[in-house]
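Visitor: I would like a close look at one part of this model, please. Could you walk me through the sheet and what packs against it?

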Amino acid sequence: MSKIIRFGVSLEEALLHNFDSLIKKRKYTNRSEAIRDLIRQELLQKDFEEDREVAGAITFIYDHHQRDLLNKIIDVQHDHQYIIQSSQHIHLDHHNCLEIVAVKGNSGKVKKLADTLRALKGVKNGSLSVSGTG
């Protein structure tokens, strides 16, 4: 386990009150865990800006009756196979499918893949969730 270092932080009372409310809402056990997560999130954002390696999942829901959509999804995934680790297809109902694509690679390329899939006509919505690999 890494060495833990303690340090102090000065905040305005209202800001601390709002932060404590957020901590409670998100069920953190203490401020330190919440602050660690905020720092990790900022570092992950830096990784994205600097095109570092990330891993995560692209999820999207689409209408499988949309003409040629499945072929387009498959073509896009084949074009990005070097960052796709796996994919899972789930039938939600007669019209809708959920696709989960596990990815690992350069953050810019991962984001480009997610954006390309979300932009396909017939894709209803999608999200990208990533973490740093280091």
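Guide: Gladly, and please keep in mind that this is a predicted model. Let us begin with β1 and β4, an antiparallel pair joined over 9 bridges. Within that pairing, Ile61 stands opposite Asn125 of β4, and Ala57 faces Ser129 of β4. Ala57 also has a bridge partner in β3, namely Ala102. That contact belongs to the antiparallel pairing of β1 with β3, which counts 11 bridges.

Now step back to the whole sheet: it is open, has 4 strands and follows the order β2-β3-β1-β4, with antiparallel pairing. Because β2 (84-91) and β4 are the edge strands, each with a single partner, one side of each has no neighbour in the sheet. On average, neighbouring strands are turned by 15 degrees against each other, direction ignored.

Next come the helices. α3 lies across β1, β2, β3 and β4 and runs at about 170 degrees to β1. α4 also lies across β1, β2, β3 and β4, at about 165 degrees to β4.

Finally, have a look at the largest nonpolar core, which has 20 residues; Ile58, Phe60, Leu113 and Leu117 touch the most other members. Two or more residues each come from β1 (53-63), α3 (69-79), β3 (96-106), α4 (107-119) and β4 (123-132). Leu117 makes a good place to zoom in: apart from neighbours within four places in sequence, Leu117 is in contact with Ile58, Phe60, Ile73, Val76 and Val123. As a general background, nonpolar side chains in soluble globular proteins tend to be buried together.

Definitions and conventions
Residues are numbered from 1 along each chain as its sequence is written. This is a predicted model: local features need pLDDT of at least 70, side-chain atom pairs count only at pLDDT 80 or more; totals for chains, interfaces and linings use all residues. Side-chain values use heavy atoms; hydrogens and water are left out. A nonpolar core is a set of buried Ala, Val, Leu, Ile, Met, Phe, Trp, Tyr and Cys residues joined through side-chain atoms within 4.5 Å. Buried means under 20% relative accessible area, exposed over 50%, partly exposed in between (1.4 Å probe, protein chains only). Contact means heavy atoms within 4.5 Å. Two strands pair if DSSP finds at least two bridges between them. Axes are lines fitted to C-alpha atoms, for helices over the stretch in contact, and angles run from 0 to 180 degrees between N-to-C directions.
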